[in-house]
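Visitor: I would like to go through a structure and ask how its labels are earned. Please show it first.

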Amino acid sequence: MKYISTRGYEGKFTAQEAIIKGIAPDGGLFVPESIPLLTDDDIEQMKTMQFCEISARVLSKYLDDFSESELLGYTREAYSEEKWGENPIPLVQLNSYNEREYILELWHGPTCAFKDVALQLLPHLMTASMKKTGESKKICILTATSGDTGKAALEGFKDLPGTEIIVFYPTGGVSEAQKLQMITTTGDNTHVVAVNGCFDDAQTGVKKIFSDSAFNDELNAGGIKLSSANSINWGRLAPQIAYYVYAYVELLRTEKIAKGEAINIVVPTGNFGNILAAWFAKQMGIPVRKLICASNKNKVLCDFFSSGKYDRNREFFKTTSPSMDILISSNLERLLFEITDGDFKQVSEWMRELNTEGVYKVDEKTLKKMQMLFVGGFADDTGVTKTILDVYDRTDNVVDTHTAVGFNIYNRYHSRSGDETKTVFASTASPFKFSPAVMDAIRGEGFSEGKSNDEIIKALSDESGLEIPAAIKDLSSKPVLHKDVIDKEQMQEKVRSILLG
Ligand SMILES: *Cc1c(COP(=O)(O)O)cnc(C)c1O
């Protein structure tokens with residue numbers, strides 16, 4: 001299987017090349033030339049498989065320059081019991097008397113966010129790709145983060161031979177726990193830098209560095225090659241497809257659904273990576289009725305799915321779900337490419353308009369096609385607060401602020417549509433990662449005021465009966481190892497000084 005650019009670049013790339021490069025030479029995103037299908041046999045066999053085995057099977061169809069057994073070696077390490085507990089990705093029925101709602105808990109990994117699923121695996125894929133393609137340069141992972149990617153990438157690449165990792169995070173745009181997690185990261189090859197601005201500033205800065213060919217030549221001459229751990233990297237997206245396949249197979253295996261019965265999937269969305277993975281799972285043959293794309297107050301996507309107009313020229317809001325505080329959802333480009341049957345000219349034009357004017361509008365046909373499958377919606381912080389309490393009262397589950405955005409949109413969709421389809425909620429973070437907002441929702445506004453992070457975490461543990469995850473415990477007593485703060489114009493210079501000295 002070869003990979004091509006969403007913007008029509010002539011060359012084709014193997015999966016390994018696509019993973020090393022991260023982004024196509026013309027600035028487009030890599031997509032597989034065709035989408036592989038899951039056979040009935042695959043699904044039957046998966047009913048007896050563990051997640052790591054399902055993951056290897058799904059990946060083998062996309063990354064066919066690896067064998068399934070090689071991939072299984074990587075997924076076994078990435079999803080080990082030591083790192084994730086016995087069941088890495090539990091699918092939990094929300095209510096014993098309601099067979100409709102299921103939470104896919106994606107946050108039992110080392111940093112308590114769903115991004116661990118991909119970022120524990122990506123380093124294996126990347127170093128193996130380097131070896132197999134004879135790449136001798138050092139790989140530097142360059143990443144902009146709205147909070148969770150940064151720490152998950154740092155944990156994945158920490159002390160991995162042949163790699164450096166630089167993470168840029170926006171000042172103030174991440175939660176206290178997220179920030180602490182990042183700036184206390186150990187490891188000889190890890191660099192964490194705060195950028196004055198919002199996530200989009202950091203992401204735009206990183207994209208600029210990637211597309212600056214003179215700078216890249218300079219780095220190459222110094223023996224360094226840049227790559228990305230953001231969900232623009234196919235090696236980051238592909239592992240996410242596997243857990244939607246797993247969720248469907250789990251429902252089949254436990255006889256909650258019949259073979260071929262469609263499910264809904266609810267995804268709290270920022271960069272559009274996670275929900276795009278669900279879309280790929282659907283294209284592979286997993287029956288899906290609706291993909292519910294849940295936004296917070298930065299509701300660019302919600303507006304897009306209703307009007308066809310993508311408009312980033314708007315006020316940016318900081319919310320209690322910071323990992324979704326995004327105005328440019330990069331992975332939408334991949335969906336547009338697929339939905340327009342690979343019309344790269346059109347996609348390039350839309351992306352050019354987005355870059356220059358900050359806005360583009362898709363045609364009626366493309367919009368209709370998307371609206372048949374996607375349901376958009378948004379919730380503000382007040383809605384999120386209510387939903388956390390509602391889900392807790394109704395089901396005894398404490399969900400984090402991001403997952404709550406999903407529930408909020410779904411609840412309204414459900415009462416409006418009467419759609420009784422079995423529904424899987426992607427639960428993207430542990431509530432402990434956002435404990436002040438979660439505890440304020442449960443105990444009333446102002447609860448967290450004046451309390452230390454540790455006190456709030458302890459209160460959440462007492463309230464919910466959940467154990468405090470190791471990654472969150474004692475965060476505030478760990479030494480701060482990364483203190484740099486820069487302006488967005490200084491990002492390239494920073495990369496140069498870190499890598500070339
Ligand atoms: C990154 C993140 C999201 C958004 O996922 P995308 O793939 O960027 O759409 C949602 N919730 C949490 C907790 C995240 O860390």
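Visitor: What makes the approach of F272 to the ligand a polar contact?
Guide: A backbone N or O atom of F272 lies 3.1 Å from an oxygen atom of the ligand. A polar contact is a pair of N or O atoms within 3.5 Å, so the F272 pair counts. A polar backbone atom of G270 is 2.8 Å from a ligand oxygen, and for G273 the distance is 3.2 Å. The model is predicted, with local features needing pLDDT of at least 70 and side-chain atom pairs 80 or more, while totals for chains, interfaces and linings use all residues. Residues are numbered from 1 along each chain as its sequence is written, and side-chain values use heavy atoms, without hydrogens and water.

Visitor: How do you know which residues are around the ligand?
Guide: A residue is near a molecule if one of its heavy atoms lies within 4 Å of it. There are 15 residues around the ligand, and K115, D148, G270, N271 and N274 come nearest.

Visitor: Why is the pair of F13 and F30 called edge-to-face?
Guide: Rings of Phe, Tyr and Trp (its six-membered ring) pair if their centres lie within 6.5 Å; planes under 30 degrees apart are stacked, over 60 edge-to-face, the rest tilted. The structure holds 23 aromatic pairs. For F13 and F30 the centres are 5.2 Å apart and the planes 65 degrees, so this pair is edge-to-face.

Key:
A polar contact is a pair of N or O atoms within 3.5 Å; within protein, one must be able to donate a hydrogen and the other to accept it, and residues adjacent in sequence count only if both atoms are side-chain atoms.
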